[in-house]
Amino acid sequence: VCSMGNSTSRLYSVLAKTLSSGTVSQHQDCLEQLDPAQLDPIDPKDLLEECQIVLQKRPPRFRRNFVNLKKNTASNHRPIRVMQWNILAQALGEGKDNFVQCPMEALKWEERKCLILEEILAYKPDILCLQEVDHYFDTFEPLLSRLGYQCTFFPKPWSPCLDVERNNGPDGCALFFLKDRFELVNSANIRLTAMKLKTNQVAIAQTLKCNETGRLFCIAVTHLKARTGWERFRSAQGCDLLQNLKNITQGAKIPLIVCGDFNAEPTEEVYREFSNSSLNLNSAYKLLSPDGQSEPPYTTWKIRPSGECRHTLDYIWYSQHALNVNSALGLLTEEQIGPNRLPSFNYPSDHLSLVCDFSFNQDPDRLL
């Protein structure tokens, strides 16, 4: 380990303690040592520096540019940056997903974790929505809370991670927002239903107040059922989530942003349900297309024993009557991704992160 000055040595000690966790029982010891309430705030630059030291033998992070989508509408407040990302559960990456072109060395948690943090720190989201989080308590909550985020986690009731030997506990959805920008008004953990039966998929929905404008809005994160053959099941889950969100937003009176890995291409019924909902939602990444009507060609790209899988499954939905999309982060090109696809030594997940900057519509009739 490279020597460091006193200003960052304590931070590195904390970061190192989160690198080598194994079983759930070990996590409890880690949590006792890393109680966020008793730890000093972290300077994001210091944490980024620590991550880069861990990653010094890996290729540099891919460069992606924001595409300006802002129309000629003035905004008198700072945009709200929202990041959506399925980060790939560690237990699944190592034990179940069979990325046949990805070396196991590239999946080492000690380094992959720092790649994930580096991506988050690079884009500095005000709100962060993650799926497949199985290192919440020993990594993301201790570190991100010290960066000023309020943190919420809702695990799957029967996580497939638990089938993997030496797992780190269940995976689930996690939602983080900066406490200096927003105040939590209401929070709901939702276990999604399908055909009136409770399912293994979950969502978190939180109503926040923007401290700068006083405006309310709802942010939600979800991860729907995976795999071909479950299209009707995903459709039912989507309907249940939409009904919950209608109640929470008082029938779209409160603006809404929904982030998620829907495990559904735009041709699926669940996509049409969100597009045609009375909540008046639009998919932000459609705005990157020339006509504003087409989703990106992919948000995940991997190679498994069954073959190459390139799909558009991840979305950021928003209330188009109340919110404007100022910009969106461009996707990785095929050349950047490379022939072995994702994950890789360059990129930590099989899904790409999506990042958008939102502003409130200034129409006074829409103010809450």
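Colleague: Which residues does isoleucine 219 touch, not counting residues up to four places away in sequence?
Modeller: This is a predicted model, in which local features need pLDDT (the predictor's confidence in each residue, from 0 to 100) of at least 70 and side-chain atom pairs count only at pLDDT 80 or more, while totals for chains, interfaces and linings use all residues. Residues are numbered from 1 along each chain as its sequence is written, and side-chain values use heavy atoms, with hydrogens and water left out. With contact taken as heavy atoms within 4.5 Å, the residues that isoleucine 219 touches are Val82, Ile127, Cys129, Leu175, Ile204, Ala205, Gln206, Leu208, Ile257 and Cys259.

Colleague: How many residues are in the largest nonpolar core?
Modeller: A nonpolar core is a set of buried Ala, Val, Leu, Ile, Met, Phe, Trp, Tyr and Cys residues joined through side-chain atoms within 4.5 Å, buried being under 20% relative accessible area with a 1.4 Å probe and protein chains only. Ile219 is among the members that touch the most others, together with Ile127, Phe140, Phe176, Ile257, Ile316 and Phe358, and the residues in this core number 71.

Colleague: Which helix gives the most to this core?
Modeller: The contribution in question is eight residues. The helix (a DSSP run of H or I, at least four residues) covers residues 109-123 and lies across S1, S2, S3, S14 and S15. The helix that gives the most to the core is H5.

Colleague: Which strands are the edge strands of the open sheet?
Modeller: Seven strands (DSSP runs of E, at least two residues) form this sheet in the order S1-S14-S15-S2-S3-S5-S4, with mixed pairing, where two strands pair if DSSP finds at least two bridges between them. Each edge strand pairs on one side only, and these strands are S1 (66-68) and S4 (149-155).

Colleague: Which residue in S15 stands opposite alanine 328?
Modeller: Strands S14 (residues 323-329) and S15 (residues 354-360) run antiparallel and are joined by five bridges. Within S15, the residue opposite alanine 328 is cysteine 356.

Colleague: Is histidine 135 buried or exposed?
Modeller: Histidine 135 lies in the loop between strand S3 (127-133) and helix H6 (136-146). Its side chain makes a polar contact (N or O atoms within 3.5 Å, one able to donate a hydrogen and the other to accept it) with the side chain of aspartate 138, at 3.1 Å. Because its relative accessibility is 3%, histidine 135 counts as buried.

Colleague: What is the mean pLDDT of the chain?
Modeller: Confidence varies along the chain, since pLDDT stays under 50 over residues 1-10 and also over residues 20-33. Even so, 87% of the residues reach 70 or more, and the mean pLDDT is 90.

Definitions and conventions
Buried < 20%, exposed > 50% of the residue type's maximum accessible area, 1.4 Å probe, protein only. Axes fitted to C-alpha atoms, helices over the stretch in contact; angles between N-to-C directions.
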